[in-house]
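User: Could you take a close look at the salt bridges in this structure and walk me through them? I'm new to this, so a slow tour with some of the surroundings would be great.

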Amino acid sequence: MRIGELARLTGVSTRLLRYYEEQGLLRPERSAAGYREYGEDAQVRVRQIRGLLAAGLSTRVIAELLPCASGPLPALEACPDLLATLRGELAELDTRIDELTRSRRALARYLDTAEPTTREYAA
């Protein structure tokens, strides 16, 4: 199938599909005329990419994990370094959440100082 059909079937724009290709996440064949041609497995691959992006992973990390992915959700199989990569990503996410929580509390305190009757924002 060509890129337009893949875009229609997955709900992902052709521009984004080309970006996935640039990042090494999709690898279409090329026709004699130079058109991108995707196999039937491309739909599943796009759904895997979307699911991993929704989990907050970067395309760099997704490129490492895709060889371990199966099914559209995807399910991740035990590949070398998979657990270490996921644990590292989770630790980074936890750190960002902690930083955001501290920032939210600080902003809530400033708001409470500016409007002493506004106590609902404190966390």
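Analyst: Here is a tour of the salt bridges, followed by a look at some neighbouring features. One thing to keep in mind: this is a predicted model.

Let's start with the count. How many salt bridges does a search of the whole structure find? It turns up three.

Take Glu-21 as our starting point. Its side chain meets that of Arg-30 in a salt bridge, at 3.6 Å from N to O. Glu-21 also has a salt bridge with Arg-36, and there the closest N and O atoms are 2.5 Å apart. This second pair links distant parts of the chain, since Glu-21 sits in helix α2 while Arg-36 belongs to strand β2, 15 residues apart.

Are these side chains buried or exposed? Buried would need a relative accessible area under 20% and exposed over 50%, with partly exposed in between. Glu-21 has 21% relative accessibility, so it counts as partly exposed. Arg-36 comes out at 22% and therefore gets the label partly exposed too. Arg-30, at 45%, also counts as partly exposed because of that value.

Now for the remaining bridge, which is found in helix α4 (residues 59–65). Glu-64 pairs up with Arg-60, and their closest N and O atoms are 3.1 Å apart. Both residues lie in α4, four residues apart, which is about one turn of the helix. Why does that spacing suit a pair? An α-helix has 3.6 residues a turn, so residues three or four places apart point the same way. As for accessibility, Glu-64 is partly exposed at 41%, whereas Arg-60 reaches 53% and so counts as exposed. Back with the other group, salt bridges that share partners join Glu-21, Arg-30 and Arg-36 into one network.

Next, the surroundings. Helix α2 covers residues 14–22, and the structure holds one aromatic pair. That pair is Tyr-19 with Tyr-20, and it is tilted: the rings are 6.4 Å centre to centre, with 55° between the planes. What do those two numbers tell you? A pair of aromatic rings is described by the distance of the centres and the angle of the planes. The two tyrosines get separate labels: Tyr-19 is partly exposed at 34% relative accessibility, while Tyr-20 is buried with a relative accessible area of 1%.

Helix α2 also has company from helix α1. In α1 (residues 3–10), Ile-3, Leu-6, Ala-7 and Thr-10 are buried. They cover an arc of only 100° around the axis, so they end up on the same side of α1. What do these buried residues pack against? Their partners are α2, β2 (36–37) and α3 (41–54). Just after α1 comes Gly-11, which takes a positive phi of about 75°.

For contrast, let's finish on the surface. Leu-90, Leu-93 and Ile-97 form a nonpolar patch there, with about 250 Å² of accessible area together. Ile-97 lies in helix α5 (residues 82–114), and it counts as partly exposed because its relative accessibility is 44%. Asp-94 lies in α5 as well, and at 41% it is also partly exposed. The C-alpha atoms of Asp-94 and Glu-77 are separated by 24 Å, and these residues are 17 apart along the chain.

Note on methods
Residues numbered from 1 in each chain as written. Predicted model: local features only at pLDDT ≥ 70, side-chain atom pairs only at ≥ 80, totals over all residues. Heavy atoms only, no water. Patch = residues over 30% accessible without salt bridge, like charges linked within 9 Å, V, L, I, M, F, W, Y side chains within 5 Å. Areas by Shrake-Rupley, 256 points an atom, 1.4 Å probe, with all protein chains shown as cover. Salt bridge = Lys/Arg side-chain N within 4 Å of Asp/Glu carboxyl O. Helix = DSSP H or I, 4+ residues; strand = E, 2+ residues; numbered from the N terminus. Buried < 20%, exposed > 50% of the residue type's maximum accessible area, 1.4 Å probe, protein only. Arc of directions from axis to C-beta. Contact = heavy atoms within 4.5 Å. Phe/Tyr/Trp six-rings, centres within 6.5 Å; stacked < 30°, edge-to-face > 60°.
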